[in-house]
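Hi everyone, thanks for coming. Let's go looking for the empty spaces and the packed parts of a protein today.

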Amino acid sequence: GDSGDTYLAETLIVCTGAQARWLGLESETRLRGFGVSACATCDGFFFRGKTVAVVGGGNTAAEEALYLTNHASKVYLIHRRDTLRASRIMAERTLANPKIEMVWDSVVTEVTDVAADKVTGVKLKNLKTGAESHLPCTGVFVAIGHVPNTSLFKGTLDLHESGYFKTDGTVLTKIPGVFVAGDCVDSVYRQAITAAGLGCSAAIEAERHLAGLN
């Protein structure tokens, strides 16, 4: 801890999770939980028949936008470039969906309306023309990636460039008795059920490790 205490253990399971990347806007922070979300599978149901906006251009943004078409009547996908970074098949599915409308070369500068305690739209700036506009919607989903909480272990455990723990497909690390589980390892699914599954695997491996010591 911060007090500098040292804890001794025969095994350690690291499950420090990951945090969604946010745009960094004050209005976005104020309206988080009031129409601003980073998880379509968690919150999409609340926007049945509504108009929503997704911010991003990678596979996560494409998946979120496609998932939201099951609930929302219209989905705007706002991307700062003029092509999607998502895989070819994901990009093609996204662009072909009649419920999804692309907003290219644009960034969100503000989420409205903080005064009303609810999302009424987003203020946009076109990066090519500098033009500013307001896009009405009732929900904003930020899908610009996640940051794993692993900086504490830099230099101790192997990390990918993205910051996620590097493993051989299991929960094992290069240090015997140290195991990793959950969203700090899983950059693909990031679901509670997959995190719980990895946690279970790590607990079994920890038990096996302890049995081998005794």
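I'll start with the overall picture, then go through the pocket, the cavity and the cores.

Quick housekeeping: this is a predicted model, where local features need pLDDT of at least 70, side-chain atom pairs count only at pLDDT 80 or more, and totals for chains, interfaces and linings use all residues. Residues are numbered from 1 along each chain as its sequence is written, and side-chain values use heavy atoms, with hydrogens and water left out.

So, the chain. It has 5 helices and 12 strands; those are DSSP runs numbered from the N terminus, helices being H or I with at least four residues and strands E with at least two. Of its 214 residues, 38% count as buried, meaning under 20% relative accessible area with a 1.4 Å probe, protein chains only.

Now, empty space. Rolling a probe the size of a water molecule over the atoms shows where space is left. On a 1 Å grid over the protein atoms alone, a cavity is a set of points where a 1.4 Å probe fits but cannot get out, while a pocket is an open set with protein on both sides within 12 Å along at least five of seven lines; lining residues have an atom within 4 Å of a point. Points join across faces, edges and corners, and volume is the space filled by probe spheres set on them.

The largest pocket comes to about 710 Å³. Which residues are closest to its centre? Thr60, His146, Ser187, Val188 and Arg190, out of 27 that line the pocket. Two or more lining residues come from each of β2 (18–20), α2 (40–43) and α3 (59–68), and α3 gives the most, with 6.

How many cavities of 30 Å³ or more does the search find? Just 1, holding about 30 Å³ of space. Thr60 and His146 turn up in its lining too, along with Ala20, Arg21, Ala38, Val142, Ala143, Ile144 and Gly145.

Finally, the cores: sets of buried Ala, Val, Leu, Ile, Met, Phe, Trp, Tyr and Cys joined through side-chain atoms within 4.5 Å. The largest has 20 residues, and among those touching the most other members are Val52, Leu68 and Val75. Here α3 supplies the largest share, 5 residues. A second, separate core of 17 residues includes Val55, Ile78, Val108 and Val142. Spot Val142 there: that residue also lines the cavity.

Key
Buried < 20%, exposed > 50% of the residue type's maximum accessible area, 1.4 Å probe, protein only.
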